[in-house]
Amino acid sequence: MNQLDLMYESQEEVDPQLNATIVIVDDEPTTMEVVKVFLEEAGYHNFILIENSSEAMEVLEQQRPDLLLLDLIMPEVSGFNLLKAVREHPNLKHLPVIILTSSSNNQDKLSALDLGATDFLAKPVDPSELRLRVRNTLAAKAYTDHLAFYDPVTRLPNRHQFMECLEKGLASAWHHNEKLALLSIELDQFKKISDTLGILTGDEVLRQITGRFKNIVKGIDMLGPFDVNEYAPANLFHVDGGEFVLLMQNVPSEHEAAMIAVRLLESIRSMLLVEGTEVYMTASIGIAIYPTENGDSLTMLQMASTAKDFVKSNGGDSFQFSSNQINTQYQRRINLESMLRKALDRNELRLYYQPQLNIHTNRIVGVEALLRWQVDEATMISPDEFIGIAEETQLIIPIGEWVLSEACRQLAAWQRAGKEPIRMSVNLSPVQFENSEMPAAFKRIIDNSGIDAKLLTLEITENMLMENAERKIEALNRLKALGVKLAIDDFGTGYSCLSYLKRLPLDELKIDRSFFRDFFENTKSRALVATMIYLSRSLNMLTTAEGVETEEQLRFLVEGACDLYQGYLYSPPVPPESLYEMLPSAE
Ligand code: C2E
Ligand code: MG
Ligand code: MG
């Protein structure tokens, strides 16, 4: 373990110096053993002993130790030559080297000093002398490493560490097939502030901004599925003047990186009080995502930095991805999000209804309410395109309440208009299902509408029910207590097992439409549908087939004793006026 890794583990309680890797090169194995034992008694535990000096360089290059204890007189490569090679090696030139020498020859010592030896120890080695030298040398190394790897103003790791960390991060992202996000952040007004208010004020601004950034970075682990693997999931670096870099390992998608950028930008905007002066700052952020940019560390950095410069030249206080493709997608997403926020108030949401038919009588016995977003006269967006965003932004909660109350209102209106009472199915999102306030809100809506709760079926997809069985069963029971029926939607796409399914308080099973896509070429699909019908019947559940498009499919279902069907064969989802026409009148 080298000094850099030690710093990553700075929380460790034992003196981190004791984790130092110490290499001993000596042609006498007993000397090495003695030195090792003396140091072990002091708590050191990482040793590499090399008897054959010709192998030493290779080991040093690979292991990058913290300290080398080197004998001068050896048969293969002499200590002098090894020391010279170490000092000439780009990655080893700062490695502290303590010379172990029995010679009292001062000329040898001078030559070794000339070659860059750090210190000397006389053989035979005195244990306390040895420990003192080793401890002092490592302490001095840790201090210079700290200067070399940390920014003195913000105390954040510096550019040097960033490059190392980025390289490791890219290797790990490649290895684990993960995404990595690099955010290049520059304070827009930093230079102006240091120039006009002085460098010390500039330093204070940096410290305060660092504090705000750190709070956000600390929270990143709690955002969700960031796995903490070998390294911390997010690392903040101060690379230069007003420039920072945030490295996010194993980000689930571009979206999380954008969310963090938004929060960083927000955190900067609020006023800073620096030595009694109010300072207002903004920043420009460029984001590069691996593997989209799929380059080496320098390319990644450059891409993020170019995107950041672009933001800056457009007035700052914003962020950009380095890839145009992501920017366009993201822009669309942001637009959708802000439009969706207004959609409810502007009455742009609609419910379409798809008839559900008794498979034997071919009469409409119910409808499924399916959400549509009428953005303008010409544009209607389907739920697959916006439910995801509504869920992420929690907008699904008010939207879901609107859906239920509109569906109940419509059902009551049809009944008042003299139509036969039918069932109404409404889809639930996992976000609603997890929301503890939902049952109470639903109860209010149902009560207000005046409809019979029995006519209402709430559809829950199979995947929602898969984990945390006990909690799911409780949540389902709370819904059942409202008097409604429960259906498991898109059945066959998850992995429910029979014994689990048996314990759920469900009334209806809806066979996913994907099974009907290749129904006639695929004997397996047919066998599965038959099995699902059988399963559903044996659990006393109503069986509904979704996505029925042909007469042949329908015939198969009639023979297989399915109960209900819906699909384009009879009707696609239609607006309420059209459905009204289809509904039979009550006698
Ligand atoms: P779902 O609940 O499985 O709804 C059935 C989907 O199948 C509907 O898509 C419907 O238009 C489509 N479909 C109906 N018959 C056929 C057919 O014969 N062939 C084919 N290929 N498709 C057919 P839609 O309306 O686009 O809705 C997609 C999904 O969005 C729904 O799947 C449901 O999961 C979700 N969704 C719709 N409305 C809401 C809502 O109000 N709240 C929530 N949380 N999700 C909703
Ligand atoms: Mg459904
Ligand atoms: Mg479905």
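Biologist: Which residue follows α2, and what is the sign of its phi?

Modeller: Gly43 follows α2, with a positive phi near 110°. Helices (H or I, at least four residues) and strands (E, at least two) are DSSP runs numbered from the N terminus. This is a predicted model, where local features need pLDDT of at least 70 and side-chain atom pairs 80 or more, while totals for chains, interfaces and linings use all residues. Residues count from 1 along each chain as written, chains are lettered from A and ligands numbered from 1 in written order, and side-chain values use heavy atoms, without hydrogens or water.

Biologist: How many Å should α2 span?

Modeller: Expected span is 1.5 Å times one less than the number of residues. For the 13 residues of α2 (29–41) that gives 18 Å, and the end C-alpha atoms agree, at 18 Å apart.

Biologist: Which residues of α2 are buried, and which are exposed on the other side?

Modeller: Buried means under 20% relative accessible area, exposed over 50%, partly exposed in between (1.4 Å probe, protein chains only). Thr31, Met32, Val35, Phe38 and Leu39 are buried. Their arc (directions from the helix axis to the C-beta atoms) is only 130°, so they share one side of α2. Thr30 and Glu41 are exposed on the other side.

Biologist: Which residues are protein donors of the magnesium ion (ligand 2)?

Modeller: Donors are N, O and S atoms within 2.8 Å of the metal (3.2 Å for Na, K and Ca); water is absent, so sites may look incomplete. Here they come from Glu368, Asn427, Glu459 and Asp489, 2.0 to 2.3 Å away. Glu368 is in strand β14 and Asp489 in strand β18, so the pair ties together parts 121 residues apart in sequence. Asp489 also bridges to the magnesium ion (ligand 3), the two ions being 4.1 Å apart.
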